[in-house]
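Here are some worked exercises to try with the model open beside you. Have a go at each task before you read its solution.

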Amino acid sequence: MCGIVGYIGRRQAYPVLIKGLKRLEYRGYDSAGVALITETKGLEVYKTKGKVADLEAYVEDKDVTGTVGIAHTRWATHGEPNATNAHPHISCSGNLALIHNGIIENYTVLKEALQRHGVAFKSSTDTEVLVQLIDYIQQHLKTDLLTAVRLALRQVIGAYAIAILDRNEPNQIIAARKSSPLVVGIGDDEFFLGSDASPIIEYTDKVVYLDDNDIAVLRRGAKEAEFVNFDNEKIEHDVKTVDLDLGQIEKGGYPHFMLKEIFEQPKSLRDCMRGRVNVEANNVVLSAVIDYRKELINARRYIIVACGTSWHASLIGKQLLESICQIPVEVEYASEFRYSNPVIDSRDVVIAISQSGETADTLAAIQLAKERGAFIFGICNAIGSSIPRATNTGCYIHVGPEIGVASTKAFTGQVTVLTMLALALGKARGTINNTDYVNLVRELDSIPQKMEKVLEQNDHVRDISRVFTYARNFLYLGRGYNYPVALEGALKLKEISYIHAEGYPAAEMKHGPIALIDDEMPVVVVATQNPLYDKLMSNIQEIKARNGRVIAIVTEGDEKVKALADEFVELPQTIECLEPLLSTIPLQLLAYHIAVQKGKNVDQPRNLAKSVTVE
Ligand code: G6P
């Protein structure tokens, strides 16, 4: 949700900033802008509605020289996406330019107070209040920028990652963070800023992750970045090394990040299981379960909190943990949980699942659960992000950066970690017998290979998608472990093709959705061979009796469903609880190909952002 980049050093800043914005464009693409201290004119700000490419076109004939600058790509919250509301925002005096990711909750009060003192606002954003407030303090108290920022932020309620340039102090960038991510990259005589490390890793692998209420001062020529709090007390930060290579954040020959990430899944799951699943020893080892065995195995109840695709993975996690570990599990939308006054205490374990590790509602749910004494376990992808830092322990999914806005490999990574967690806890609690345990460990290990077989059917799924591009509605059905897969399949289609789609537990169809079925309604049914197979057969009969069009996901060798379905995709046989890892892939591919046929921007669907750092 909004991407921030900054640079100060020996290089020309503009190319670094533009490249950085492109890497962060998954966070929002409503407008883009850049502020530079140029060699001839001083502080210059260029901004435009649209994507980073639009900004590049806009600045073509402009002065983009200079070795210090900040840049922003926006996902609009307050104020429509236009050039005026685009960042950077400039203060009344024309001295300051500021970029912001987050929401200033008390901006109306601050804005009215500043207006009473004659400050004229240009935009309808919450952000502008920050730059005007800092400028006002600077002018009236005759202070330097750092002091003005410290004093201003004391009055601000809300979430922010900000970066500011001052034309009168051209050899520094000041940045600050509260509840929105910000990373400082440390090079040789140069500093970088990013909402995550992706704009930075090309230049340095040394980074500092800012904590809440930190202010960073990046001075030209300084050996080290300085960090202070609002009281100007120095803060020491460890410099961390990021382990991310450039290939991971580029398309690598695929037309879209989403397709690349779908095809990466066999590899990403091998990475996810590396050092954890050991088939020689028939064992699953998770260090978090070893280190926090007592807290995890003695819990009276698990509550999983998440949003979006991560919430769908949570529903699969509930079934895994309940059946393998015999622990009662509840799954909550983080956004509902945080306002539900939940009955929760120190006997509960809260599992927070988040690809980005930055989702504001999930973070808030963690804070609430912590206040009530629960033990917090995180399942995240982005290393060093806010959620893993807020938890007691957890597991990274290690699937590599996910850039396509529609989540794919993170979902299968989350389900894999949940499976490993259930196995490790089930063994520790003695709730799974050795034969089942060993079979599951072996089968889990073979899933990447089976995924490769599913991916071989990509062309076949593309052909199916051509038949259904016309559809205005889709229904997705599944049962048991495949019910969340149906929800996830429907979400994928909605997100990127803008076709209305609903996921349902198949047996519930007759309580409502069946009324929608006619000869124009495609129904995707996950009908694999598991104990619910016969029930699903009946559901398919019910659809066909009403002339619905069935796209069935079946187990290899199945003849009965194939005979009934209009189209089908085959999956290798696996153990029931591992089926989602395979059955989700044709649904990802189907959504992808339908969106491509319809000419939609698959990696940057309208109105969405990958990382939702606002409520
Ligand atoms: C956004 C993304 C989804 C994601 C959800 C939760 O809506 O577009 O793909 O599933 O946020 O994000 P998280 O990073 O917490 O998993």
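Helices (H or I, at least four residues) and strands (E, at least two) are DSSP runs, numbered from the N terminus. This is a predicted model, in which local features need pLDDT of at least 70, side-chain atom pairs count only at pLDDT 80 or more, and totals for chains, interfaces and linings use all residues. Residues are numbered from 1 along each chain as its sequence is written, and side-chain values use heavy atoms, with hydrogens and water left out.

**Exercise 1. The ligand shell**

Work out which residues surround the ligand and which element gives the largest share of the shell.

Step 1. Apply the cut-off: a residue is near a molecule or strand if one of its heavy atoms lies within 4 Å of it.

Step 2. Collect the shell. The ligand is surrounded by 13 residues, and Ser310, Ser354, Gln355, Ser356 and Thr359 are the closest.

Step 3. Assign elements. Helix α10 gives the largest share of this shell, three residues.

Step 4. Sort by type. Ala, Val, Leu, Ile, Met, Phe, Trp, Tyr, Cys and Pro count as nonpolar, Asp, Glu, Lys and Arg as charged, and the others, Gly among them, as polar. The shell then splits into four nonpolar, eight polar and one charged.

**Exercise 2. Contacts and cover of the ligand**

Find polar atoms that lie close to oxygen atoms of the ligand, then ask how much of the ligand the protein buries.

Step 1. Set the limit. A polar contact is a pair of N or O atoms within 3.5 Å; within protein, one must be able to donate a hydrogen and the other to accept it, and residues adjacent in sequence count only if both atoms are side-chain atoms.

Step 2. Look at side chains. Thr359 places a polar side-chain atom 2.4 Å from a ligand oxygen atom, and Ser354 does so at 2.6 Å.

Step 3. Look at the backbone. A polar backbone atom of Val405 is 3.4 Å from an oxygen atom of the ligand.

Step 4. Turn to area. Taken alone, the ligand exposes 390 Å², and the protein buries 90% of that. Such areas come from the Shrake-Rupley method with a 1.4 Å probe; for residues, only the protein chains shown count as cover.

**Exercise 3. Aromatic pairs**

Classify the pairs Tyr7 with Phe192 and Trp311 with Tyr333.

Step 1. Recall the rule. Rings of Phe, Tyr and Trp (its six-membered ring) pair if their centres lie within 6.5 Å; planes under 30 degrees apart count as stacked, over 60 as edge-to-face and the rest as tilted.

Step 2. Begin with the total: the structure holds eight aromatic pairs. Tyr7 and Phe192 make a tilted one, at 5.1 Å centre to centre and 55° between the planes. Tyr7 belongs to strand β1 (residues 3–8) and Phe192 to strand β10 (residues 191–194), so this pair ties together parts that are 185 residues apart in sequence.

Step 3. Check burial. Buried means under 20% relative accessible area, exposed over 50%, partly exposed in between (1.4 Å probe, protein chains only). Tyr7 and Phe192 are both buried.

Step 4. Take the second pair. Trp311 and Tyr333 are stacked, 4.0 Å centre to centre with 10° between the planes. Trp311 sits in helix α10 (residues 308–325) and Tyr333 in strand β18 (residues 329–333), 22 residues apart. Trp311 counts as buried because its relative accessibility is 13%, while Tyr333, at 38%, counts as partly exposed.

Step 5. Add the cluster: Phe468, Tyr470, Phe474 and Tyr476 form one aromatic cluster.

**Exercise 4. Tyr498 and a charge over its ring**

Describe where Tyr498 lies, its phi and the charged end over its ring.

Step 1. Place the residue. Tyr498 is in the loop between α17 (482–497) and β23 (500–505), and it counts as partly exposed because its relative accessibility is 25%.

Step 2. Read the backbone. Tyr498 has a positive phi, near 65°, in a residue other than glycine.

Step 3. Test the ring. A charge sits over a ring if NZ of Lys or CZ of Arg is within 6 Å of the ring centre and within 35 degrees of the ring normal. The charged end of Arg606 sits over the Tyr498 ring, 3.9 Å from its centre.

Step 4. Find another example. Lys62 has its charged end over the ring of Tyr58, 4.3 Å from the centre.
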